[in-house]
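Me: Got a minute to go through this one with me? I'll jump around a bit.

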Amino acid sequence: MRSTGTITTWLVPALVAAGGIAGVTAWLQWQPSIMVSPRVAGTDRPPQAAAATSQSFQGKLIAVQGATADESLTGAWPCFRGADRDNVNREDNIFLAKKWPPAGPAPLWNIEAGEGYAGPAVLNGRVYLTDYDQVRRADAVRCLSLGDGKELWRYTYPVPVKRFHGMSRTTPAVTDKFVVSIGPKCHVTCLDAKSGELLWKIDLVAEYGSVVPPWYAGQCPLIDNGLTILAPGGPDVLMMAVDCATGAVKWKAPNPQGWKMTHSSVTPLEVGGRRMYLYCADKGIAGLWADDGTIAFTSTEWRIKIANIPTPVDVGEGKIFLAGGYNAGCMMMQIEEKDGRVIARKLWAKPAEVFGATQQTPVFYEGYIYAIRPDGELACIDKSGNLLWNSGPANRFGLGPLLISQGLIYALDDDGTLTMARATPSGYEQLARAKVLSGHDCWGPLALAGGRLIARDLTRIVCLSVAE
């Protein structure tokens, strides 16, 4: 989320996305359209509720004849923040280059996208993107070839969305079989990952009373053990689990305190050998048991009044790290079971001038935490909150994204300059820097798969070769 002048003048959520620009899909007019009858999630609700949902948004599949993906391409970044939801790429079959030529890493392809900040997901030689077609006023889930960026198919449905610092902001979640996306106004679709066929859909506003956050939805879906995990933040449902294969709702967690949806996304965590889902709602943080959705704990120790964007970070041993912008700073919490109860207690907190993160979620790597602070500097702290280094005023990144792989930090600034630095607690060590995008507002999350780094600005996406 961006802030210049006053807080209310520029606010753009961290979870990011894309909105439409004129002409980007004009060529699609002659392509064949396939109408699909979906399975509608929520059949456990009254008939009138399910019927309303089935009519809430009708879409079509547009497939490009003869277009195929090269499934031999290695690498995966299957959801927001990567395979382990921690913004770390752990692929070791391809070595990353430690230096670049003067022009920077070689571009493999680039494409236009609608205005926004949506990050890509990558799997099986395909790139998935939540986009917005401004000409047709429609959400579009797009599938591209990782090899050359050509579009394979898109599933689109009409939704009126006005430009508000971009449109779509969310990263899809994908498996071998399914791709799940959340649109700007909280429309959830589950599609066949290869064909794009619609399997089921949910309108979180119509069906669960979700309130679309300011600057549109920023929550990215989580697929975990065959279930799509969503946090509607509606009057009666804080979080829910939907079977990816059938669209049936496995469980719904109540919302006794009436907490609402934010731009933050759900984080899985292990507590006492049991899986838990964490979510930062508008008035606090909640932990729910993954098997049945029972609320394990709630805490109001952490809340951000303006916009809660970064996702909770699992730093091991039941500890979670929280960071935000707008003077929120950061906090470390300990989650533990005691006397049959789950307790979340604050271990320490630091002010924004020491460490925080307005838009991009910090990265925990080999015992240390890295983030782009609200002042735009890249910084590193230890698990006790001690500031180890910051990049200095000469090396600022604005609200741009970062990820880590093979001991290297990739960080993109607002204007499209990509920096490679060492991920080390000993100090800021820059290895290379190059201009890779010519646009602005380069806030979309990065993705790294098979030595290919995908980055974006407001209206363009580029795939770069960063392998040796």
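Me: Start with Thr130. What does its side chain make a polar contact with?
Reply: The side chain of Ser181, at 2.8 Å. Bear in mind that this is a predicted model.

Me: Which strand is Thr130 in?
Reply: Strand β7, which covers residues 126–133.

Me: And is Thr130 buried or exposed?
Reply: Buried. Its relative accessibility is 2%, and the cut-off for buried is under 20%.

Me: Stepping back, how many helices and strands does the protein have?
Reply: Two helices and 36 strands.

Me: How much of the protein is buried?
Reply: Buried residues are 63% of the 468.

Me: What about contacts across the sequence?
Reply: Take the contacts with a separation of 6 or more. Residues 24 or more positions apart account for 60% of them.

Me: What does the pLDDT average?
Reply: The average is 89, and 88% of the residues score at least 70.

Me: Where is the pLDDT below 50?
Reply: Over residues 1–55. In the model, that stretch still has 178 contacts beyond near neighbours in sequence.

Me: On to the cores. Which residues touch the most other members in the largest nonpolar core?
Reply: Ile202, Leu204, Met239 and Met240, out of 39 residues in that core. Strand β16, residues 239–243, supplies the largest share, with four residues.

Me: Is there a second core, and what does it include? 
Reply: A separate core of 36 residues includes Leu144, Tyr410, Leu448 and Leu453.

Me: Why would nonpolar side chains group like that?
Reply: In soluble globular proteins, they tend to be buried together.

Me: Back to Leu204. What does Leu204 touch, not counting residues up to four places away in sequence?
Reply: Cys186, Val188, Gly209, Ser210, Leu230, Pro232, Met240 and Met261.

Me: Cysteines, then. How many disulfides turn up in the whole structure?
Reply: Zero.

Me: Are Cys143 and Cys463 buried or exposed?
Reply: Cys143 is buried, at 0% relative accessibility. Cys463 is buried too, with a relative accessible area of 0%.

Me: Now sheets. What is the strand order in the open sheet of five strands?
Reply: β4-β30-β31-β32-β33, with mixed pairing.

Me: Which strands stand at the edges?
Reply: β4 (88–89) and β33 (430–435). Each has a single partner strand, so one side of each is left without a neighbour in the sheet.

Me: How do β30 and β31 run, parallel or antiparallel?
Reply: Antiparallel. Four bridges join β30 (residues 402–405) to β31 (residues 408–412). Ile404 stands opposite Ile409 in β31.

Me: And how many bridges pair β24 with β25?
Reply: Nine, in the antiparallel sense. Strand β24 is residues 329–338 and strand β25 is residues 341–350. One pair to look at is Met333, whose bridge partner in β25 is Lys346.

Me: What sits between the strands in that hairpin?
Reply: Two residues. Asp339 takes a positive phi near 55° in the hairpin of β24 and β25.

Me: Last one. Where does Glu115 lie?
Reply: In the loop between β5 (106–112) and β6 (121–123).

Me: Buried or exposed, that Glu115?
Reply: Buried, with a relative accessible area of 12%. That is below the limit, since buried means under 20%.

Me: How are Glu115 and Asp131 placed, by C-alpha atoms?
Reply: Their C-alpha atoms are separated by 8.3 Å, and the two are 16 residues apart along the chain.

Terms used: Residues numbered from 1 in each chain as written. Predicted model: local features only at pLDDT ≥ 70, side-chain atom pairs only at ≥ 80, totals over all residues. Heavy atoms only, no water. Buried < 20%, exposed > 50% of the residue type's maximum accessible area, 1.4 Å probe, protein only. Polar contact = N/O pair within 3.5 Å; in protein donor to acceptor, adjacent residues only side chain to side chain. Core = buried A, V, L, I, M, F, W, Y, C linked by side-chain atoms within 4.5 Å. Contact = heavy atoms within 4.5 Å. Pairing = 2+ DSSP bridges. Disulfide = S-S within 2.5 Å. pLDDT = per-residue confidence, 0-100.
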